[in-house]
Amino acid sequence: QFVPSARPGTRAPHAWLPSDSQAGGRSSLDLFGQGFVLLRLGATPPSGASIAAAAETRRVPLTIVDLADEKISALYERRLVLVRPDGHVAWRADAAPADALALIDKVRGA
């Protein structure tokens, strides 16, 4: 029996996004494909600003999506989840890393 997971290296799990969310009534999978996506999950997620700044420094396309829905937060298991353009989880944690440039370099294969 398949159990969805948001562990790095796995395909990001599907969830229907609430119509009142930033992404409005679509599948979470519709968020991926145009660049990296940083999901900020839960009612009060970390800012992720250092990750966004590092991506900008390295010219890595990054979109930030806020998802406050608790069911989706539970599915993804962490408050910050970085998803690659191919829809696979690259990284996840409950706080931004100490060295966001190193994270961006690693996920872009540098």
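A residue is called buried here when its relative accessible area is under 20%, exposed when it is over 50%, and partly exposed in between, with a 1.4 Å probe and protein chains only. By that rule Arg59, at 77% relative accessibility, counts as exposed. Before we go further, a word on what you are looking at. This is a predicted model, in which local features need pLDDT of at least 70 and side-chain atom pairs count only at pLDDT 80 or more, while totals for chains, interfaces and linings use all residues. Residues are numbered from 1 along each chain as its sequence is written, and side-chain values use heavy atoms, with hydrogens and water left out.

Let us start with the overall layout. The chain has 3 helices and 4 strands, where helices (H or I, at least four residues) and strands (E, at least two) are DSSP runs numbered from the N terminus. Following the sequence, you meet them in the pattern β-α-β-α-β-β-α. The C-alpha trace spans about 35 × 30 × 25 Å along its principal axes. For 110 residues, a compact globule would have a radius of gyration near 13 Å, and the chain agrees, with 13 Å. That radius is taken over C-alpha atoms, and the globule rule is 2.2 Å times the number of residues to the power 0.38.

Of the 110 residues, 42% count as buried. About 6100 Å² of the chain is exposed, and carbon and sulfur atoms supply 50% of this area; accessible areas come from the Shrake-Rupley method with a 1.4 Å probe, and for residues only the protein chains shown count as cover. Contact means heavy atoms within 4.5 Å. Among contacts in the chain with a separation of 6 or more, 64% are between residues 24 or more positions apart.

Charges can be summarised in a similar way. The chain has 13 positive and 11 negative charges, and their mean positions are 6 Å apart. Lys and Arg count as positive and Asp and Glu as negative, without His or the chain ends; each charge is placed at NZ of Lys, CZ of Arg, CG of Asp or CD of Glu.

Now for the interior. In soluble globular proteins, nonpolar side chains tend to be buried together. A nonpolar core here is a set of buried Ala, Val, Leu, Ile, Met, Phe, Trp, Tyr and Cys residues joined through side-chain atoms within 4.5 Å. The largest one has 16 residues, of which Phe32, Leu39, Leu41, Leu67, Ile72, Tyr76 and Val81 touch the most other members. Strand S1 (36-41), strand S2 (62-67), helix H2 (70-76) and strand S3 (80-83) each supply at least two residues of this core, and the largest share, 3 residues, comes from S1. Leu39 is a good place to zoom in: leaving aside neighbours within four places in sequence, Leu39 is in contact with Leu31, Phe32, Val65, Leu67, Tyr76, Arg79, Leu80, Val81 and Val83. A second, separate core has 14 residues, including Ala54, Val60, Ala93 and Val107.

The loops are worth a visit too. Most residues other than glycine have a negative phi. Arg59, although not a glycine, has a positive phi of about 60 degrees, and Arg59 sits in the loop between helix H1 (49-57) and S2. Glu77 is not a glycine either, yet has a positive phi of about 70 degrees. Glu77 lies in the loop between H2 and S3 and, at 39% relative accessibility, counts as partly exposed.

Pro61 is also found in the loop between H1 and S2. Beyond its neighbours within four places in sequence, Pro61 is in contact with Gln34, Gly35 and Phe36. The C-alpha atoms of Pro61 and Gln34, 27 residues apart along the chain, are separated by 7.9 Å.

The loop between S3 and strand S4 (89-93) holds Asp86, and His88 is found in that loop as well. Asp86 is partly exposed, at 38% relative accessibility, and His88 is partly exposed at 23%. Not counting residues up to four places away in sequence, His88 touches Gly9, Thr10, Arg11, Ala12, Leu82 and Val83.

We finish in helix H3 (residues 100-107), where Asp105 is found. Asp105 is buried, with a relative accessible area of 18%. Setting aside residues up to four places away in sequence, Asp105 touches Arg58 and Ala110.
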